[in-house]
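Here is a short tour of some charged pairs, a couple of internal holes and one glutamine in this protein. Have the structure open as you read.

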Amino acid sequence: MKNNDNFVLRNTWYYALPSDQIKPGMMISRIFLGEPVLIVRSQDGRVSAMRDICPHRAVPLSCGRFNGQEVECCYHGWRFDPAGRCTAIPSLVEEQQMDLSRFDVQSYEVREAQGNIWIYMADPDNSQPAASEIEIPVIPGFDQRSLRGASPTPQFVEVMRFPCFVDHAVVGLMDPAHSPYVHQAWWWRNEQLCEEVKQFDASPYGFTMRRHRLPANGGRLYWLIGGGVPETEISFRLPGVRIEETTIGNHRVVNLTAVTPISDTETEVTFALYWTLPWVGFFKPLLHVLARTFIGQDRTVVEKQQIGLQYNPVLRLIKDSDMQAQWYYQLKREYARSVAEGREFVNPVKGQILRWRA
């Protein structure tokens, strides 16, 4: 694999932040794909996003004030509504008529669903296809019409920054062969290597590992829940969303892992859990410790990887354990080409059985 794969996808949805992090009347400054973004929630509860730079003297708008209806720059008091439209320039006198739309701030389309806020990062040079034509990821079975015990919002969220380019975070998290070397913990699995045989199929903008039973040494936490033999299905879709749905008897646990590029050298990983087990909430403090440990192990090895990557080596991927990584790069290239050529995306993944030892 050569470095010409190192580009960030545009014209797609990225995970922004959990809904409960921003209350009505609040604003939060973030950076996505190297762009400063100001996310605001109006007093009516609606979430919006705009470029976090005042067009007058380039002071971040986040340094100013937000009254729940307008953002006011701290330098000269220029005001903008949640859609980024300039609504007032206080220094103008009455006879100085001016078209304020000349000073509008770039806005971003955002959507809020299932306790998550997603942001559409368009290509500045080619914003097609329109955001409305691309679907945001959906957590199956967890909405207002869900079965008893299911919550429409994640009951647990852990966020961690990885010091790497987005591709290395995505590939590292989907890698099936690193667990016995990186995740050495009694509550996850033992050190003995076992042969894994899994069927994979193409799915929208990605691929899916078919539902299968988890072995007793392949996730002891699920077995500790009890009530049945755990079965799991794992799907991945562009730009970096992994959804793992596990059933244990009559209960379900769904993990959403979303990877968002911050810059060329920093990536944010969000780990969210949905479940139908009311009593699990009592163990949230322990879950945070376990999640930070588990995700932190991935972060540590990716951090070590950066030492070698600074010498720009060619990365040599193998079959079958690296097939998911190869699919990721193929999907990424095809999506970029389909947008550039204005044509329908054609999934390059072909269903097949993969075998590896882990």
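Arg-299 is partly exposed, with a relative accessible area of 26%. In this predicted model, its side chain meets that of Glu-303 in a salt bridge, at 3.5 Å from N to O. Glu-303 is partly exposed too, because its relative accessible area comes to 41%. Both residues belong to helix α4 (residues 284–309), where they sit four residues apart, or about one turn of the helix.

That pair is part of a longer list: the count of salt bridges comes to 22. Here are three of them, with the closest N and O atoms given as a distance.

| Salt bridge | N to O distance |
|---|---|
| Asp-167 with Lys-332 | 2.8 Å |
| Arg-242 with Glu-244 | 3.0 Å |
| Glu-303 with Arg-299 | 3.5 Å |

What does the bridge between Asp-167 and Lys-332 tie together? Asp-167 lies in helix α1 (residues 166–174) and Lys-332 in helix α5 (residues 323–341), so the pair links parts that are 165 residues apart in sequence. Are its two ends buried or exposed? Asp-167 has 0% relative accessibility and so counts as buried. Lys-332, at 2%, counts as buried as well.

Now for the Arg-242 bridge. Its partner, Glu-244, counts as buried because its relative accessibility is 10%, and the cut-off for buried is under 20%. Salt bridges can also join up into something bigger than a pair, and here Arg-30, Arg-161, Glu-266 and Glu-268 are linked in a network of them.

Some of these charged residues turn up again around the internal holes. The structure holds three cavities of 30 Å³ or more. The largest cavity has about 60 Å³ of space. Its lining is made up of Val-170, Leu-173, Met-174, Phe-236, Gly-240, Val-241, Arg-242, Thr-257 and Val-259. Which elements give two or more residues to that lining? They are α1, β16 (241–248) and β17 (251–263), and α1 has the largest share, with three residues. Sorted by class, the lining of the largest cavity has six nonpolar, two polar and one charged residues. Arg-242, from the bridge with Glu-244, is among the lining residues here.

The second largest cavity holds about 50 Å³ of space. Around it you'll find Phe-7, Val-8, Leu-9, Tyr-14, Val-166, Asp-167, Pro-239, Tyr-328 and Lys-332. Here the elements giving two or more residues are α1 and α5. By class, this lining has seven nonpolar, no polar and two charged residues. Asp-167 and Lys-332, both part of that lining, are the partners in the 2.8 Å salt bridge described above.

Last stop: Gln-114. Where is it placed? Gln-114 sits in the loop between β10 (110–113) and β11 (116–121). Even so, Gln-114 counts as buried, because its relative accessibility is 14%. A polar atom of the Gln-114 side chain lies 2.8 Å from the backbone oxygen of Ile-139. Leaving out residues up to four places away in sequence, Gln-114 touches Pro-137, Val-138, Ile-139, Phe-142, Pro-152, Thr-153, Pro-154 and Tyr-274. Ile-139 therefore appears twice for this glutamine, once through its backbone oxygen and once in the list of contacts, where the cut-off is heavy atoms within 4.5 Å.

Notes
Residues are numbered from 1 along each chain as its sequence is written. This is a predicted model: local features need pLDDT of at least 70, side-chain atom pairs count only at pLDDT 80 or more; totals for chains, interfaces and linings use all residues. Side-chain values use heavy atoms; hydrogens and water are left out. Buried means under 20% relative accessible area, exposed over 50%, partly exposed in between (1.4 Å probe, protein chains only). A polar contact is a pair of N or O atoms within 3.5 Å; within protein, one must be able to donate a hydrogen and the other to accept it, and residues adjacent in sequence count only if both atoms are side-chain atoms. A salt bridge is a side-chain nitrogen of Lys or Arg within 4 Å of a carboxyl oxygen of Asp or Glu. On a 1 Å grid over the protein atoms alone, a cavity is a set of points where a 1.4 Å probe fits but cannot get out, and a pocket is an open set with protein on both sides within 12 Å along at least five of seven lines; lining residues have an atom within 4 Å of a point. Grid points are joined across faces, edges and corners, and a volume is the space filled by probe spheres set on the points. Ala, Val, Leu, Ile, Met, Phe, Trp, Tyr, Cys and Pro count as nonpolar, Asp, Glu, Lys and Arg as charged, and the others, Gly among them, as polar.
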